[in-house]
Amino acid sequence: MARLTALALLTALCVALTFGYLGRVHPAFDSFAHFRVHLAAALGVAVPLLLLLRLRLEAVFAALFATAALVQTIGGGFAPPLAAEDGREGAVYRLLHLNLRHDNPTPEAVLSLVGSVRPDIVTFNEVSERWAE
């Protein structure tokens, strides 16, 4: 019974972690992405339990999956911060970044804001098919 419970827990953690990578399929899956590190840590904690239950192959899978998720999420690829010098001349840009929500009922307000701010760069999160036009 303990082995089945451990396998069910392992499956649940892996499914939840996988859902975090499916945000393009549906916005609800994007909610799981916020817990990627937590789920990967839970998988790491489950590894000794799996080893105690003699589920070696599953323990190796859990360790590899947790490591891959952590490396992809927080490891590597960080660029060192660039220090701005005082008095440095160069172009200055205005950025407007908005989370539109996938079901935003007020596109007029968003477009009005873009028109009033007049940014050089506009980025939007959670853009749905409704915003394609």
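**A few residues up close**

Reader: What does leucine 70 count as at 28% relative accessibility?

Author: In this predicted model, leucine 70 has a relative accessibility of 28%. Buried would need under 20% and exposed over 50%. The value falls in between, so leucine 70 counts as partly exposed.

Reader: How many Å separate the C-alpha atoms of leucine 70 and alanine 40?

Author: Leucine 70 sits in helix α4, which covers residues 56-74. Along the chain, alanine 40 is 30 residues apart from leucine 70. In space, their C-alpha atoms are separated by 6.5 Å.

Reader: Which side chain of opposite charge is nearest to arginine 36?

Author: Arginine 36 belongs to helix α3 (residues 36-52) and is buried. A salt bridge needs the charged atoms within 4 Å, but the nearest candidate is 5.9 Å away and arginine 36 has no salt bridge. That candidate is aspartate 30.

Reader: Then which residue has its backbone oxygen 2.7 Å from a polar atom of the arginine 36 side chain?

Author: Leaving out residues up to four places away in sequence, arginine 36 touches Leu17, Gly20, Tyr21, Gln72 and Thr73. The backbone oxygen at 2.7 Å from a polar atom of its side chain belongs to glycine 20.

Reader: Is arginine 118 buried or exposed?

Author: Arginine 118 lies in the loop between α5 and β2, and its phi is positive, near 50°, although it is a residue other than glycine. Its relative accessibility is 68%. Over 50% is the cut-off, so arginine 118 counts as exposed.

How values were computed:
Residues numbered from 1 in each chain as written. Predicted model: local features only at pLDDT ≥ 70, side-chain atom pairs only at ≥ 80, totals over all residues. Heavy atoms only, no water. Helix = DSSP H or I, 4+ residues; strand = E, 2+ residues; numbered from the N terminus. Buried < 20%, exposed > 50% of the residue type's maximum accessible area, 1.4 Å probe, protein only. Lys, Arg positive; Asp, Glu negative; His and termini not counted. Polar contact = N/O pair within 3.5 Å; in protein donor to acceptor, adjacent residues only side chain to side chain. Contact = heavy atoms within 4.5 Å.
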